[in-house]
Amino acid sequence: MKDERRSGCPINLAVEVLGDKWSLVVIRDMMFGNRRHFRELLNNSEEGIASNILASRLQRLVENGLVSKVADPSHKQKVIYSLTETAIQLVPVMAHLGAWGRRHLPVTRELAIRAELLERGGPELWDEFMDELREQHLGIPRPAGTESVFARLRAAYEAELARE
């Protein structure tokens, strides 16, 4: 995190880390799209992020401890990006942002369905999703026999796409 801070207010500090136009979108794509490589994040961006902006945001997210990166063992020139525990703990924030957006902004049904499911599922679903993200990104096994929240969210999104 940068040394110069406007204040020690927790909201200000969070905005300094996450308040630009793209950081939460990159985290969203890693969290809900399981995009772990630069090209996946670039080419599958609904909003069309530019490559230089993506590179800059990934670097900032790594520097601020929200994302980690390691060399991809399957390809010398690639890295794998992972959410850290700090970013995984943003799931409730993302759920609340999605719920607020659904209520107050002109969303599309297919892109709002995951937010709706997270809102309806509440803290219990958020905890299950965070456990699943910990397994995917940190290698921490989730409780046995737990249904995949990621798969449920993806299936709901795909069902909405099929309706159109």
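In what follows, Ala, Val, Leu, Ile, Met, Phe, Trp, Tyr, Cys and Pro count as nonpolar, Asp, Glu, Lys and Arg as charged, and the others, Gly among them, as polar. With that in hand, let us walk through the structure.

Please keep in mind that this is a predicted model. The chain has an average pLDDT of 94, and 98% of the residues score at least 70. Confidence is highest in helix 5 (residues 85-88), at a mean of 98, and lowest in helix 1, where the mean is 90.

A good place to begin is the largest pocket, whose volume is about 980 Å³. It is lined by 28 residues, and those closest to its centre are V25, R28, E47, G98 and L111. Four elements each give two or more residues to this lining: helix 2 (23-33), helix 6 (91-104), helix 7 (109-138) and helix 8 (149-163). Helix 6 supplies the largest share, with seven residues. Sorted by class, the lining holds 15 nonpolar residues, nine charged ones and four polar ones.

From the pocket we can turn to the interior. In soluble globular proteins, nonpolar side chains tend to be buried together. Here the largest nonpolar core is made of 34 residues, and I27, M31, L66, L83 and F129 have the most contacts inside it. Let us visit two of these. Leaving out residues up to four places away in sequence, F129 touches M31, F32, V91, V149, F150 and L153.

The second is L66, which sits in the loop between helix 4 and strand 1 (67-71). L66 counts as buried because its relative accessibility is 4%, and the cut-off for buried is under 20%. Beyond its neighbours within four places in sequence, L66 is in contact with V17, L18, I27, L61, S82, L83, T84, T86, A87 and L90. For a sense of distance, L66 and L138 lie 72 residues apart in sequence, and their C-alpha atoms are 12 Å apart in space.

Two of the contacts of L66, V17 and L18, bring us to helix 1 (residues 10-18), in which N12, E16, V17 and L18 are buried. The cover over the buried residues of this helix includes helix 2 and helix 4 (51-63). E16, also in helix 1, has a relative accessible area of 12%, so it is buried. Along the chain, E16 and V149 are 133 residues apart, and 30 Å separates their C-alpha atoms.

Our last stop is a pair of buried residues that touch each other. L41 belongs to helix 3 (residues 38-43), and it counts as buried because its relative accessibility is 2%. Setting aside residues up to four places away in sequence, L41 touches V26, D29, M30, R35, I49, L54 and L58. One of these, V26, is 15 residues from L41 in sequence, with 7.2 Å between the two C-alpha atoms.

Another of the contacts of L41 is D29, a residue of helix 2. What makes D29 count as buried rather than exposed? The reason is its relative accessible area, which is 6%. With residues up to four places away again left out, D29 touches N34, R35, L41 and S45. R35 therefore appears in both lists: L41 touches R35, and D29 touches R35 as well.

Note on methods:
Residues numbered from 1 in each chain as written. Predicted model: local features only at pLDDT ≥ 70, side-chain atom pairs only at ≥ 80, totals over all residues. Heavy atoms only, no water. 1 Å grid on protein atoms, 1.4 Å probe; cavity = no way out; pocket = protein on both sides within 12 Å on 5 of 7 lines; lining within 4 Å. Points joined across faces, edges and corners; volume = space filled by probe spheres on them. Buried < 20%, exposed > 50% of the residue type's maximum accessible area, 1.4 Å probe, protein only. Contact = heavy atoms within 4.5 Å. pLDDT = per-residue confidence, 0-100. Core = buried A, V, L, I, M, F, W, Y, C linked by side-chain atoms within 4.5 Å.
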